[in-house]
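Reader: I'm new to this one, so please put the structure up and talk me through it.

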Amino acid sequence: MRLPRVRTLTSALLALPLALPLALLTPTAGAAADGTGSLSLAAATTVGIHNTYDQGAYTYLAQALDSGSSLIELDTWFNVFTHHWNVSHANPLGDSNNCVQAKAPADLYTGSRSQDLDSCLDDLRVWLTAHPDHPPVMVKLEMKAGFDQTIGMGPAALDGYIAQHLGSLVYKPADLLRKPDGSSYPDLDTAAKAGNWPTRDALAGKVIIEAIPGTVEEANPFDHLWTDTEYAQYLRGLAAAGTIGNAEIFPSVLGAQAGDPRTRYPDATLRPWFVVFDGDAATYLSSSDTAWYDRSHYLVVTTDAQNVAPAIDDTNPTVDQARARVAQLAAAHASFVSSDWRTLTTVLPEVLPRG
């Protein structure tokens with residue numbers, strides 16, 4: 001989460017019986033039915049939910065996936081005592097979220113919530129395994145306080161954590177680098193510009209993970225190595241060592257601005273390892289050449305979609321308003337449209353051609 005907000009869950013959502021989500025655990029039709037399955041990941045615009053882990057958003061994380069959301073967000077912290085990754089908005093030493101310890105689909109809507117990141121990833125794996133034809137899901141990790149290599153909680157540790165719980169469900173940087181002939185592009189930028197993203201159909205049942213710097217990290221005057229830079233350095237090192245397959249995450253450039261925002265990195269050798277960008281939707285539209293991202297086949301996550309002029313309600317606009325906003329941002333070359341439109345279950349599954 002970038003900005004704190006007060007949210008309430010409608011009484012209707014709270015009243016949903018657990019039997020309803022369980023009934024939804026039938027194979028989800030892929031995007032092929034509407035023709036969008038043949039679009040590459042970089043050629044489509046989809047819709048997601050901000051702070052999906054919040055119990056005020058959904059009683060259980062799986063309900064966000066049931067709703068059709070193509071992006072889920074998890075705020076995560078390294079825990080200096082347990083050396084686990086916690087998921088919460090504001091507690092660096094504990095969990096506050098809607099994840100449970102699911103081992104099977106029937107477990108997704110029951111049991112104790114407020115679990116570590118491993119359980120959130122397990123919930124995602126269990127749900128996707130039950131829905132193998134589901135379109136790809138972007139998992140957005142806000143690294144609230146960044147990494148801490150001094151306690152063994154750096155990029156490699158997080159990658160190992162993800163690999164253990166999501167396994168082959170992750171579309172990884174090495175996958176984007178790999179050419180059809182089995183050779184590899186030298187970096188992510190070259191691969192993206194070559195249009196090497198797979199189709200949405202080819203990514204059915206999979207996730208792609210982005211990581212952004214966290215609000216606490218950004219505010220820490222003693223933290224001079226933020227998540228984006230640290231993970232890009234790690235990626236570059238893995239590529240040089242021939243072990244890029246260990247990487248599970250795409251680091252994201254946070255913040256919309258004019259021009260190529262990667263010029264903020266003084267080490268130019270890091271820039272080709274960023275092909276995912278994340279920032280405020282209104283700022284992208286007012287200050288950026290968004291077509292440049294699309295021409296380069298970069299992924300763009302646009303947040304606070306409701307604030308694009310004319311602003312609409314942040315949680316409960318009309319369906320027509322929300323659909324018009326998604327179409328507006330699709331035309332403006334967004335890849336993912338993020339909002340708090342939790343109850344708009346006819347809007348969240350939308351897939352539009354980008355641009």
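Reader: Which residues in α5 meet L117, D118, L121, D122, L124 and R125 in α4?

Author: First, this is a predicted model, where local features need pLDDT of at least 70 and side-chain atom pairs count only at pLDDT 80 or more, while totals for chains, interfaces and linings use all residues. Residues are numbered from 1 along each chain as its sequence is written, and side-chain values use heavy atoms, with hydrogens and water left out. Helices (H or I, at least four residues) and strands (E, at least two) are DSSP runs numbered from the N terminus, and to meet or be in contact is to have heavy atoms within 4.5 Å. On the α5 side, the residues are L158, Y161, I162, H165 and L166.

Reader: How many nonpolar residues does the contact of α4 with α5 have?

Author: Ala, Val, Leu, Ile, Met, Phe, Trp, Tyr, Cys and Pro count as nonpolar, Asp, Glu, Lys and Arg as charged, and the others, Gly among them, as polar. Sorted that way, the contact has one polar residue and three charged ones, and its nonpolar residues number seven.

Reader: At what angle do α4 and α5 pack?

Author: Axes here are lines fitted to C-alpha atoms, for helices over the stretch in contact, and angles run from 0 to 180 degrees between N-to-C directions. A crossing is left-handed if the near helix is turned anticlockwise from the far one by less than a right angle, and right-handed if clockwise; α4 passes α5 in the right-handed way. The axes of α4 (residues 117-130) and α5 (residues 155-166) are 9 Å apart, and the packing angle is about 35°.

Reader: How far does α4 reach from its first C-alpha to its last?

Author: The expected span of a helix is 1.5 Å times one less than its number of residues. With 14 residues, α4 should span 20 Å, and its actual reach is close to that, at 20 Å.

Reader: Is α4 largely enclosed or not, and how many of its 14 residues are buried?

Author: Buried means under 20% relative accessible area, exposed over 50%, and partly exposed in between (1.4 Å probe, protein chains only). The buried residues of α4 include S119, C120, V126 and W127, and their cover includes α3 (61-66), β2 (71-78), β4 (137-143) and α5. The helix is largely enclosed by the rest of the structure because the number of its residues that are buried is eleven.

Reader: Which residues touch the most other members of the largest nonpolar core?

Author: In soluble globular proteins, nonpolar side chains tend to be buried together. A nonpolar core is a set of buried Ala, Val, Leu, Ile, Met, Phe, Trp, Tyr and Cys residues joined through side-chain atoms within 4.5 Å. The largest one here has 79 residues, and those with the most contacts to other members are L117, L141 and W197.

Reader: Which element gives the most to this core?

Author: A second, separate core of 18 residues includes V47, I49, I312 and W341. Back in the largest core, L141 touches L117, L158 and I162, among others beyond four places in sequence. The top contributor to that largest core, with seven residues, is α4.

Reader: Is A62 buried or exposed?

Author: A62 sits in helix α3. Not counting neighbours within four places in sequence, A62 is in contact with L108, Y109 and W127. Its relative accessible area is 3%, so A62 counts as buried.

Reader: What about T110: how does it count at 40% relative accessibility?

Author: T110 is in the loop between β3 and α4. Beyond four places in sequence, T110 is in contact with Y60 and V100. Its 40% accessibility means T110 counts as partly exposed.

Reader: Which residue is joined to A309 by a cis peptide bond?

Author: Look in the loop between β8 (299-303) and α12 (319-331). The omega of this bond is near -5°, and the residue that follows A309 is P310.

Reader: What is the phi of D304?

Author: D304 is found in the loop between β8 and α12 and is buried, with a relative accessible area of 13%. D304 isn't a glycine, but its phi is positive, near 50°.

Reader: And what is the phi of H333?

Author: H333 lies in the loop between α12 and β9 (336-339), and at 17% relative accessibility it counts as buried. H333 isn't a glycine either, yet its phi is positive, about 80°.
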